[in-house]
Amino acid sequence: MLETVYLNNTLQTWFIAMLIVAFSVLAGRTFYWIIQKTFKVYTKKTRNDLDFILIDMLEEPLSLALTLLGFWFALDMLTISPNVDKFIDSVFYFLIIFNVAWFLTRLIDALIEKYIVQKVKDSETDLDDILLPIVRKIVKIVIWAITIIIGIDNAGYSVSTMITGLGIGGLVFALAAQDTVSNLFGGFVIFSDKPFSLHDRIILDGYEGYVVEIGLRSTKIKTLDGRIVTIPNSSVTDNPVLNVSKEPGRKIQFHLGLTYDTSPKKIQEAKEILEEILKTNENTENAVIAFDSFGDFSLNILCIYWIKHEAAIAATQDSVNIEILQRFNDAKLNFAFPTQTLIVEK
């Protein structure tokens with residue numbers, strides 16, 4: 001029965017091929033388990049982290065490689081047809097190259113994360129923080145592009161012919177990629193003009209928040225309610241950008257309305273109290289106080305001051321307002337509220 005031929009192969013050959021496939025899957029899982037339980041445990045105890053990173057990034061690609069080689073050897077045992085055999089060889093060549101590229105991208109990414117990211121975070125400038133994610137993406141793109149080219153070439157296809165074909169369709173692609181080009185130009189504007197940097201608080205395209213990532217195509221903003229918004233970089237060239245973090249100080253302006261029975265002397269006293277409060281507060285500067293208008297139901301004192309750039313805005317306003325309320329109450333200065341006087345004729 002084992003000598004019975006089915007699809008150009010005996011049942012014995014089919015059975016051996018399936019055993020090889022099963023064994024390759026088992027070997028891959030076993031190899032992965034051995035690395036987890038022995039090599040990784042040992043490398044964790046060494047002083048150098050490089051060996052641990054290498055083993056950690058290598059375990060999955062190596063396990064996959066063992067499995068792929070087993071499948072390849074099993075299929076190579078079978079006699080199907082020359083064209084199918086050639087196609088299978090091309091597929092496995094490409095998968096092996098893909099596996100190598102996967103390992104390289106994992107290894108490079110892990111090395112960057114271990115040895116470069118923290119140094120970039122500790123540096124004084126923001127330029128390296130911006131460029132590092134871009135460099136990581138470019139490195140991955142280059143590796144995968146080379147992988148695809150090598151894989152196509154090993155599969156027996158002419159890479160130069162394909163590139164020529166891509167050139168014919170380049171115009172169509174360029175028209176379809178107008179938005180992408182616009183976003184890339186917006187990224188260039190961000191890097192050259194620097195309307196904002198990482199961690200700046202900005203208002204862009206109707207969103208306000210802190211910049212957490214600047215890429216070639218888009219910028220990510222963490223809004224004040226904690227959500228991440230991804231905004232195309234073309235918005236930088238099409239819309240105004242308000243950089244809140246670059247303001248020299250926060251301007252605060254309001255009116256204090258006193259009742260109409262307040263005397264000129266009391267008005268002057270109120271102005272002096274405001275000037276003293278804003279002068280003695282370490283977080284405020286450039287105060288402007290003026291009795292500027294007669295309102296419908298109040299005598300209005302204009303109060304303008306700036307909160308220093310490094311000071312907490314809400315906390316400073318809170319302390320100033322509390323002191324104003326307390327000092328005005330102590331001085332018997334009454335705040336006005338909307339009132340009407342009705343004259344009834346008999």
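Visitor: In this predicted model, which residue in β4 is the bridge partner of Leu204?
Guide: Strand β3 covers residues 201-204 and strand β4 covers residues 207-214, and the two run antiparallel, joined by four bridges. For Leu204, the bridge partner in β4 is Tyr207.

Visitor: Is Asp205 buried, partly exposed or exposed?
Guide: Asp205 lies in the loop between β3 and β4, and it has a positive phi of about 55° although it is not a glycine. Its relative accessibility is 40%, and since buried means under 20% and exposed means over 50%, Asp205 counts as partly exposed.

Visitor: How many residues does the hairpin use to join β4 to β5?
Guide: Strand β5, residues 218-223, runs antiparallel to β4, and five bridges join the two. One of the pairings sets Ile214 opposite its bridge partner in β5, Thr219. The hairpin that joins β4 to β5 does so through a number of residues equal to three.

Visitor: Which residue takes a positive phi in the hairpin of β5 and β6?
Guide: β5 and β6 run antiparallel and are joined by five bridges, and the bridge partner of Lys222 in β6 is Ile228. Their hairpin has four residues between the strands, and the positive phi, near 90°, belongs to Gly226.

Visitor: Which strands stand at the edges of the five-stranded sheet?
Guide: The sheet is open, its pairing is antiparallel, and its strands come in the order β6-β5-β4-β3-β7. An edge strand has a single partner, so one side of it is left without a neighbour in the sheet, and this applies to β6 (228-232) and β7 (241-243).

Visitor: What is the average twist from one strand to the next in the sheet of three strands?
Guide: This open sheet has antiparallel pairing and the order β8-β10-β9. Because β8 (249-258) and β9 (284-294) each have a single partner strand, one side of each is left without a neighbour in the sheet. From one strand to the next, the twist averages 15°.

Visitor: What angle does the direction of α11 make with that of β8?
Guide: Within the sheet, β8 pairs with strand β10 (residues 299-308) in the antiparallel sense over 10 bridges. Helix α10, residues 264-280, packs on the sheet and touches β8, β9 and β10, with its direction at about 160° to that of β9. α11 also packs on the sheet, touching β8, β9 and β10, and its direction makes with that of β8 an angle of about 25°.

Visitor: How many charged residues are there in the contact of α10 with α11?
Guide: The axes of the two helices come within 10 Å and cross at roughly 145°, in a right-handed crossing. The residues that meet include Ala270, Ile273 and Glu276 in α10 and Val320, Glu323 and Arg327 in α11. The residues of this contact divide into eight nonpolar and no polar, while the charged residues number three.

Visitor: Is Lys332 buried or exposed?
Guide: Lys332 has its place in the segment after α11 (313-330), and its phi is positive, about 60°, although it is not a glycine. With a relative accessible area of 66%, set against a cut-off of over 50%, Lys332 is exposed.

Note on methods. Residues numbered from 1 in each chain as written. Predicted model: local features only at pLDDT ≥ 70, side-chain atom pairs only at ≥ 80, totals over all residues. Heavy atoms only, no water. Pairing = 2+ DSSP bridges. Buried < 20%, exposed > 50% of the residue type's maximum accessible area, 1.4 Å probe, protein only. Axes fitted to C-alpha atoms, helices over the stretch in contact; angles between N-to-C directions. Contact = heavy atoms within 4.5 Å. Left-handed = near helix turned anticlockwise from the far one by under 90°. Nonpolar A, V, L, I, M, F, W, Y, C, P; charged D, E, K, R; others polar.
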